[in-house]
Amino acid sequence: MGAVVRGDVMREIRVAAVREGLPSEEDFAVVEAPVPAVGEGEMLVRNRWFAVFPAVRTLLGGGVPGTPFPALRVGDALFGPAVGEVVASAAGGPVPGTLVAHFLGWREYAAVPVAQAVPLDDVLPDPAAELSQGALAYAALTRDADLRPGETVFVTGGAGAVGSMAGQVARLLGAGRVVGSTGSPDKARRMKAELGYDAVVPRDAEGLAEAAPEGLDVVIDTVGGAQLRAAVAAARPGARIVLVGTLGGQLAPGRTGTDAPVELDTFQLVAKAVTLRGFRGLSPDERRSGTERLGVWLREGRISFPHTRVAGLSGAPRALTELLAGVHLGAVIVEL
């Protein structure tokens, strides 16, 4: 890569319009901007890959108080998980050529605070796999759900970025039966053929009792709504439910993407002593531990990273709308 000089320009994705309902491609613009100057404590990173994620809908809707991400307004540049190569760095920062993970994707170059980036090594066979949700799935199943060998696991949204990893991880951790949900017959077929699922139910979770006749011990919920309600009904005594995502609210055209209400039968929760816990994110040590485990499994061929790669920044707006429409299985990554 050639040196970056003063006056160079880059491209980034900005919000062009905020409307009611799900966003369309026309709501985003690919614009030119100066390559950012590196300030004290920062480094200039050339992005190589970034993840497209559904939380963009929530941020366009105004965001949710208490969460770490600000709302997106017209004219704002989008942001999100990315992996890039250091071009220049403040004293004491990573040397040029180092790959780092950070949160300023959706642009070709980013001025990233050194303290907010994680230098990468060769733990994973493909650096783009740093953008997978494997470490999250591992933590949700081990730390939060305390999955035990032989237990039955239900993953809502089993074909999504989290679900496509959670089904495989649950199987590798010794789950006796793994059930998922999806709205696509083709995805259901692939979930059973490729991702470790024994059975798949539709979005309304009809047939969950038949798919898990002995009940559910662990639930990894990325959707909410009717699927969470069905999971509570099918839970065994002492079941652990981990709330990881709210896709039911984020992807609802008639909502703002900032809430995900669901009515649960609390009699069931009390009578069965069900634990309902929100996922609290990952500490650096937990992310490292999960990534190391994922790296071993990837190198051994025991797990895959299901994802779609989109070539070039200009394809990112369409990739987002396709993600929100449920077109792809697994994660969606833009490669620059």
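Visitor: How many residue pairs are in polar contact between domain 1 and domain 2?

Guide: In this predicted model, the count between domain 1 and domain 2 is eight residue pairs in polar contact, with both residues at pLDDT 80 or more. A pair is called a polar contact because an N or O atom of one residue lies within 3.5 Å of an N or O atom of the other, where one can donate a hydrogen and the other accept it.

Visitor: What does the rule find for salt bridges across the interface of domain 1 and domain 2?

Guide: The rule asks for a side-chain nitrogen of Lys or Arg within 4 Å of a carboxyl oxygen of Asp or Glu, and across the interface of domain 1 and domain 2 it finds zero salt bridges. By class, the side of domain 1 that touches domain 2 has 10 nonpolar, eight polar and one charged residues.

Visitor: How do you know what area domain 1 and domain 2 bury between them?

Guide: The accessible area that the two parts lose on being put together is summed over both, and for domain 1 and domain 2 this comes to about 1400 Å², with 57% of it on carbon and sulfur atoms. Of the area that domain 1 buries against domain 2, Arg57, Pro306 and Leu329 supply 40%, more than any other three residues.

Visitor: Why does the radius of gyration of the protein chain agree with a compact globule?

Guide: It agrees because a compact globule with 336 residues would have a radius of gyration near 20 Å, and the protein chain has 20 Å.

Key
Residues numbered from 1 in each chain as written. Predicted model: local features only at pLDDT ≥ 70, side-chain atom pairs only at ≥ 80, totals over all residues. Heavy atoms only, no water. Buried area = accessible area lost by both parts, 1.4 Å probe. Polar contact = N/O pair within 3.5 Å; in protein donor to acceptor, adjacent residues only side chain to side chain. Nonpolar A, V, L, I, M, F, W, Y, C, P; charged D, E, K, R; others polar. Rg over C-alpha atoms; globule rule 2.2 N^0.38 Å.
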